Amino acid sequence: MSLSLPETSTTLLQRLGRQDPKAWEDFETKYIWVMRSSLRSWSISPEDIDDVLQDSCLRVFRNIHKYEHRGQGSFRAWLKEISRSCWLQAVRKSAYRARSQNKVLDLSRGDTLNRVRDFAEKDEQLKTLLGEYLDLNAK
């Protein structure tokens, strides 16, 4: 038994383009799970999924007027591409922050946003401890 995906309604797309609040509720009911399941399939940590999903929804909201319906499955593919793009952007931002602190992360090893955040927190803790140590020795 296969899961049947709902066909995208052109009227829903038109309503989304007009920023109809009810259309956005319908969008959430029908399509958030598509985006969330794409993010899960890419092994993104559960803590990061909601952040990336929020960014993705914001991007859909801002760009729905640019979407061109190209037949069955094209809207879901567009949503997945937006989710992927937002995830990659989040990874790049985290990697840039780490590099700007003169730290190198090997993202090819599968470092996630969560690891990047943990790394940054530990770096801040070390700076704090070092500062306290230096203060004690200066006295």
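**Exercise 1. Classify the accessibility of Cys57 and Cys86, and determine the number of disulfides.**

Cys57 has 23% relative accessibility and therefore counts as partly exposed, a class lying between buried (under 20% relative accessible area) and exposed (over 50%), with a 1.4 Å probe and protein chains only. Cys86, at 2% relative accessibility, counts as buried. The model is predicted: local features need pLDDT of at least 70, side-chain atom pairs count only at pLDDT 80 or more, and totals for chains, interfaces and linings use all residues. Residues are numbered from 1 along each chain as its sequence is written, and side-chain values use heavy atoms, with hydrogens and water left out.

Next, apply the disulfide rule, a pair of cysteine sulfur atoms within 2.5 Å. The count is zero disulfides. Cys57 is in no disulfide, the nearest cysteine sulfur being that of Cys86, 9.0 Å away.

**Exercise 2. Describe how helix α1 packs with helix α2.**

Step 1. Helices are DSSP runs (H or I, at least four residues), numbered from the N terminus. Helix α1 covers residues 10-17 and helix α2 residues 21-41; their axes are 8 Å apart, at an angle of about 125°. Axes are lines fitted to C-alpha atoms over the stretch in contact, and angles run from 0 to 180 degrees between N-to-C directions.

Step 2. This angle makes α1 oblique to α2, since angles under 35 degrees are roughly parallel, over 145 roughly antiparallel, 65 to 115 roughly perpendicular and the rest oblique.

Step 3. Contact means heavy atoms within 4.5 Å. Leu12, Arg15 and Leu16 of α1 meet residues of α2 including Trp24, Phe27 and Tyr31.

Methods: Helix = DSSP H or I, 4+ residues; strand = E, 2+ residues; numbered from the N terminus.
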